[in-house]
Amino acid sequence: MGELPAPLYARVKQMIVQQIQSGAWPPHHRVPSESELVSELGVSRMTINRALRELTNDGLLVRMQGVGTFVAEPKGQSALFQVQNIAEEIQARGHRHHCVVVRLEEEKASAERALTLDVREGQRVFHSLIVHFENDVPVQIEDRYVNAAVAPDYLKQDFTGQTPFAYLTQVAPLSEGEHVVEAVLPDAEECRLLNIDRHEPCLMIRRRTWSGRNTVTSARLLYPGSRYRLEGRFSS
């Protein structure tokens with residue numbers, strides 16, 4: 001008995017994969033709309049939708065609500081067990097980095113923030129919210145709180161020219177770091193900043209760093225799951 005032919009949606013997927021692998025559809029190429037693919041391939045919209053949905057889940061496509069479907073950039077990766085500068089990670093891949101500073105302000109430490117920074121409740125702390133881009137695609141939200149006593153000139157810096165990581169390692173050299181990794185769903189503001197659907201899962205790292213005995217920062221780093229991966233290596 002011969003093999004059964006592949007389902008239509010699987011054949012559509014294979015056609016799209018071939019276009020990507022051949023270079024005919026490079027990263028960021030806009031994929032024809034569902035209507036265009038229905039007309040071109042002569043299959044149902046349901047078939048096209050399933051093929052695009054599965055390729056998006058596989059990380060080969062990125063669907064931007066109200067904009068269209070695009071060929072995904074090969075996933076960037078970040079070192080899980082190291083504290084690194086995201087700008088250098090992106091540039092090491094031969095890509096362009098830039099960022100947008102959404103928030104840069106002074107606050108009084110809440111009880112929770114005081115605990116994570118080892119300061120008194122109500123003490124002055126600095127807060128920055130920055131979106132990092134790789135080749136004009138948002139790949140990380142950096143939500144960082146800084147111990148003002150350790151980095152008193154933090155608010156005076158131009159973080160479009162250097163990252164907070166680069167500045168802080170100069171004024172308070174890193175001696176210790178802590179990572180906690182979770183899978184989370186983004187809130188409405190995070191979806192807007194990352195230009196993702198509200199149902200797209202994200203990788204979230206909670207990071208604290210120390211310089212000597214001083215806690216320097218407490219940061220929440222959010223990565224779209226379809227655009228990034230974390231990698232670590234260890235030995236016993």
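**Group meeting talk: a walk through a predicted chain**

Leaving out neighbours up to four places away in sequence, I48 makes contact with V12, E34, L37, V38, L41 and V43. That is where I'd like to start today, everyone, and please keep in mind that what you see above is a predicted model.

So, where does I48 sit? Its home is helix α3. Buried or exposed? With a relative accessible area of 0%, I48 is buried, because anything under 20% counts that way. If you want a distance to check on your own screen, take I48 and V38: their C-alpha atoms are 6.9 Å apart, and their positions lie 10 residues apart in sequence numbering.

V38 brings us to the helix pair. V38 belongs to α2, and together with E34, S35, L37 and L41 it meets R45, I48, N49 and L52 of α3. By character, the residues of this contact are five nonpolar, two polar and two charged. What about the geometry? The helices in question are α2, residues 34-41, and α3, residues 45-57; they pack at about 120 degrees, and their axes are 9 Å apart. The crossing of α2 past α3 is right-handed.

Let me move on to the cores. In soluble globular proteins, nonpolar side chains tend to be buried together. Here, the largest nonpolar core has 14 residues, and I16, V31, L52 and L61 are those with the most contacts inside it. Which elements give two or more residues to this core? They are α1, residues 8-21, and our friend α3. You may recall L52 from the helix pair, where it was on the α3 side. V31 is a good one to click on as well: beyond four places in sequence, V31 touches W25, L37, L52, L61, T69, F70 and V71. L37 is a familiar name too, since I48 also has it as a contact.

There is another core, lying apart from that one, with 13 residues. Among its members are A148, A151, F159 and A172.

Now for a few loops. A149 is in the loop between β6, residues 137-147, and α6, residues 164-171. A149 counts as exposed, because its relative accessibility is 62% and the cut-off is over 50%. From A149 to Q123 the C-alpha distance is 9.5 Å, with 26 residues of separation in sequence.

S226 is our next stop, in the loop between β9, residues 214-224, and β10, residues 228-231. Although S226 is in a loop, it counts as buried, at 13% relative accessibility. S226 and V139 are 87 residues apart in sequence, yet their C-alpha atoms are 9.5 Å apart in space.

Next, some backbone angles for those of you who like Ramachandran plots. Most residues other than glycine have a negative phi. What is the sign of phi at D118? D118 is not a glycine, but its phi is positive, about 60 degrees. D118 lies in the loop between α5, residues 111-117, and β5, residues 124-134, and it is exposed, with a relative accessible area of 55%. N195 is another residue other than glycine with a positive phi, near 55 degrees. The loop holding N195 runs between α7, residues 188-194, and β8, residues 202-211. N195 is partly exposed, at 31% relative accessible area.

Finally, let's step back to the whole chain. How many helices and strands does the chain have? Seven helices and 10 strands. Of its 236 residues, 45% are buried. If we take the contacts with a separation of 6 or more, 60% of them join residues 24 or more positions apart. As for the surface, the chain exposes about 13100 Å², and carbon and sulfur atoms supply 49% of that.

To close where we began: I48 is buried, it lies in α3, and α3 contributes to the 14-residue core. Thanks for listening, and I'm happy to go back to any of these residues on the screen.

Definitions and conventions. Residues are numbered from 1 along each chain as its sequence is written. This is a predicted model: local features need pLDDT of at least 70, side-chain atom pairs count only at pLDDT 80 or more; totals for chains, interfaces and linings use all residues. Side-chain values use heavy atoms; hydrogens and water are left out. Helices (H or I, at least four residues) and strands (E, at least two) are DSSP runs, numbered from the N terminus. Buried means under 20% relative accessible area, exposed over 50%, partly exposed in between (1.4 Å probe, protein chains only). Contact means heavy atoms within 4.5 Å. Accessible areas come from the Shrake-Rupley method with a 1.4 Å probe; for residues, only the protein chains shown count as cover. Axes are lines fitted to C-alpha atoms, for helices over the stretch in contact, and angles run from 0 to 180 degrees between N-to-C directions. A crossing is left-handed if the near helix is turned anticlockwise from the far one by less than a right angle, and right-handed if clockwise. Ala, Val, Leu, Ile, Met, Phe, Trp, Tyr, Cys and Pro count as nonpolar, Asp, Glu, Lys and Arg as charged, and the others, Gly among them, as polar. A nonpolar core is a set of buried Ala, Val, Leu, Ile, Met, Phe, Trp, Tyr and Cys residues joined through side-chain atoms within 4.5 Å.
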